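Ready for some practice in reading a protein model? Work through the exercises below, and try each task yourself before you look at the solution.

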Amino acid sequence: ENCTLPSNWFCDITRNIESVVAKTYFTLSPLNLYNKRIVKKQFVLFKDSQPEFYINGTQIKASDVGIKDSCLTLSLEYILIEFDKVKVCHGVQPNKNIMSSFGPQFVESNGHWKHSNCLNIVTAGTSELCVWCKQLKLLIIKKLKRLSVGKPIRLDNIKIQMKNIKTSTLNKIIQKSNLTECQSNLVHEIFNASKVKCKNQMRYSDNWMLLCLILQIRSPSGYRFLRDQSILPLPCIKTVRKYLLAINNECGFDMNFFKLLKKKMLSKTEKQIKGILLIDEVFLRSSISVKSRTLTYTGLEDFGGELPSRETEKADHSLVFMWSSLADNFSQPIAVFASKGPVKGLDLTKLVIKAIMLLENAGAQVLGLTSDGASTNRTMWNNLGISGKIGNTLNSFCNPFDDKRKVFVFSDGPHLIKTICNRLHDKKCLRLHPSKSFVKWEHYTEVYKIEENLLGKVCPKITKNHIFLSNLSKMKVKYATQLFSNSMAVAIQFYRSRYQNLKDSEETEQFTLVLNNLFDTLNRKFPAEGIRKNSYDFEVLEKSMEWLDAWELIVQKELITANEFLTQQTAEGLRNFFGIIRQVSGPNDHPSTPTFLQLYRMLTVSSLIKPSKSGNCITNEDQKPVLEICDFKNLINYNSSLREEKIKNMKSKLDVLIEEGNWDCEDLFLEHDYSVFECVVYYLGWYLAKRLCKKSKCELCIKSIKNDTGNKGKESELVNLKNRGFLIYPNNNLFNIILQVLETCFCKHASSVDVFENTYNEFLLHVTNLSFPCTDHKHEIVTEIFTMYI
């Protein structure tokens, strides 16, 4: 009764009639959210049993609160003071967002969440939670983080921050982050995209447009995917193509292109402007297509005005000129010519001279000329004074732009290796000396037959295509170089003692090793591997020259026949020099002429604007990009559309002819059997009517274009067969008065390059009066009819 209780402790006495059964000493918890309190701690003294301790209604042992059983006999005041010092776990604050999905891992106590295994006592440290409730708190935090990811409210906040950020602040952040120039451009465009409500309001920087242009050239499908899925802020494909069209894909030398090349060369060092002019001719599939920008054909023979062209002949060859730097990773196509058959040697000489002059004028220095050993190229060599004959070798000519410098001529090395392989395959054997055995093709065949059914092979790359050459496989350089390889020489030596058919194969083995070493010498890719004086590669070249000279001298002395030697063209090509590696483009060996010209345009633009390939380059902040988008804009503005000019000229002539009134036209010449002709023209008319009706909103014009009367003649038979309910029947007057006559005129001039002008001029020769019902739109509609149909 005289015990002093700790602060906020109370006493309650439990009685049974007149006797005291138990005394309870307790303290209450703070008020919870619902203004309620519970008994936090209580100590119960019983009359006839041991005292008990309770925390939050749960009984605990005396030892858990730091009181030994022997101390229970001590004073009550001591026990309560020690019990008051014990820290109680209050649990975690509840969260409404996860209550329904959190599961049975918690219990609710006095407005708090506690772990189902809560200890109720905080044993150590400054924390107010037990070990189990700490884990519960961490689980709640993780759950809240997962639920917060993807909330639109957070994305909206980010968008608002991106919209409000200033350009100067963004530049400072980018500078501190050490981003590359391309990454910086991307970040700027993403922030700009967040500030506009509609894609049509986007304005792109010049550097970003150049990057988009490269991406569209390298992967059109990838560009379309990134734009459609809004992964990157990319401009419309039409916008990118507009800049691509700044470079003309017409044949010949484009002066506007050389202006851009000159600006590009100004950024190059003295060594980087030195390079090689490469020329090569590729066989194409004969094909023509309509070029809508110029209202003419593409795919016909075209020398761009440099040489006389047979404009009615379909081109089946394309001659390409390319300049490649010797000290920089820069190769640039400069011109293309479409021809029927190979370009003649004299014409090729003229084109080479002009190409060198234009390149030199643009700032490049042409040190060499590379081509294969085709007959037209050999004629060009002879015209330039080049000779590969033994004892009279001359492999350079005077530079036409600077007579103090020379242009060296190289023969394409891979082409020569290929011709040697084909020569040996066709002749079956060659001979280096009358006292030595033959170099035989059957030795290579024997090695293939030995290993054909073996899993472990000495020459695993040799296949049937290497041995049994077809017209297509004869063109593959890969087959020739893999056949004349060190592996094949080793295989011949390895199997010689094991198979009787290879007993006389020593010369074939040595021949293979010579060609292998020669090709390896010419196939270096890095500057450190280049040919230098007194180097191993230089020694191989010298020995190869001596080997070739000795072999040809034996032929001249008639010790062996000419059929046992290489072709004269191959020998002179090897002696002239062993050229650089050939550039191969894609799996399509014979693209069509229009496709090739389009690919040429894309490669030309890509080479001009692509950034440095090296990854360890440091951009000089003071330097602007060599070529900017404004350079392409100037070319677009400079090159007025030829299509627009042609349509304008036609419209001016039609304006005099067209009058107001019902459809009417004079009797015209028609000299066809129209049983099929009329049906086909009428079928073309539905497409024309559909296009015109989409463009026009004038009811009178639409009524004059399509047939809604139901009166259809026999000429609609083909449309009826193809119609599934969606075709539009053209107006009978449109069909009878214009389309039939226009088709007749077109058939007369279909093979002409100027088919558009010739067709409407032919029409105007026979028609002096033409009426159209709509006063306001008669000129526009008739002009559209002529333009679309032709």
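**Exercise 1. Is Glu 757 buried or exposed?**

*Solution.* Begin with the ground rules. This is a predicted model, in which local features need pLDDT of at least 70 and side-chain atom pairs count only at pLDDT 80 or more, while totals for chains, interfaces and linings use all residues. Residues are numbered from 1 along each chain as its sequence is written, and side-chain values use heavy atoms, with hydrogens and water left out.

Next, the cut-offs: buried means under 20% relative accessible area, exposed means over 50%, and partly exposed is in between (1.4 Å probe, protein chains only). Glu 757 has a relative accessible area of 18%, so Glu 757 is buried.

Now find its partner. The side chain of Glu 757 forms a salt bridge with that of Lys 646, at 3.5 Å from N to O. A salt bridge is a side-chain nitrogen of Lys or Arg within 4 Å of a carboxyl oxygen of Asp or Glu. Lys 646 belongs to helix α22 (residues 642-657) and Glu 757 to helix α27 (residues 755-766), so this pair ties together parts that are 111 residues apart in sequence. Helices here are DSSP runs (H or I, at least four residues), as are strands (E, at least two), and both are numbered from the N terminus. Lys 646 also counts as buried, at 9% relative accessibility.

**Exercise 2. Describe the salt bridge of Arg 310 and say how accessible each partner is.**

*Solution.* Start with the general idea: side chains of opposite charge can pair when their charged atoms come close. The partner of Arg 310 is Glu 301, and the distance is 3.0 Å from N to O. Then take each residue in turn. Arg 310 has a relative accessible area of 43% and is partly exposed, whereas Glu 301 is buried at 6%.

For a wider view, the structure holds 14 salt bridges. Another one joins the side chains of Arg 405 and Asp 402, at 3.3 Å from N to O. Asp 402 is partly exposed, with a relative accessible area of 24%.

**Exercise 3. At what angle do helices α9 and α10 pack?**

*Solution.* Locate the helices: α9 covers residues 255-265 and α10 covers residues 345-361. They pack at an angle of about 40°, with their axes 9 Å apart. Axes are lines fitted to C-alpha atoms, for helices over the stretch in contact, and angles run from 0 to 180 degrees between N-to-C directions.

To name the arrangement, use these classes: under 35 degrees is roughly parallel, over 145 roughly antiparallel, 65 to 115 roughly perpendicular, and the rest oblique. The two helices α9 and α10 are therefore oblique to each other.

Last, list the residues that meet. Met 255, Phe 258, Leu 261 and Lys 262 of α9 are in contact (heavy atoms within 4.5 Å) with Leu 358, Leu 359 and Asn 361 of α10.

**Exercise 4. Which residues touch the most other members of the largest nonpolar core?**

*Solution.* First, the term: a nonpolar core is a set of buried Ala, Val, Leu, Ile, Met, Phe, Trp, Tyr and Cys residues joined through side-chain atoms within 4.5 Å. The largest such core has 40 residues, and Leu 739, Phe 763, Ile 785 and Phe 786 touch the most other members. Elements giving two or more residues to this core include α22, α27 and α28 (778-789). The top contributor is α23, with eight residues.

Zoom in on Phe 786. Leaving aside neighbours within four places in sequence, Phe 786 is in contact with residues including Met 650, Leu 654, Tyr 760 and Phe 763. There is also a second, separate core of 36 residues, among them Phe 257 and Trp 323.

**Exercise 5. Which residues does Ala 22 contact, leaving aside its neighbours within four places in sequence?**

*Solution.* Place the residue first: Ala 22 lies in strand β2 (residues 19-28). Then check its surroundings: Ala 22 counts as buried, at 5% relative accessibility. With those neighbours left aside, Ala 22 is in contact with Asp 12, Ile 13, Thr 14, Val 44, Leu 45 and Phe 46. Take Val 44: this residue is 22 residues from Ala 22 along the chain, yet their C-alpha atoms are separated by 6.7 Å.

To finish, step back to the whole protein, which has 28 helices and 25 strands. Of its 790 residues, 43% count as buried.
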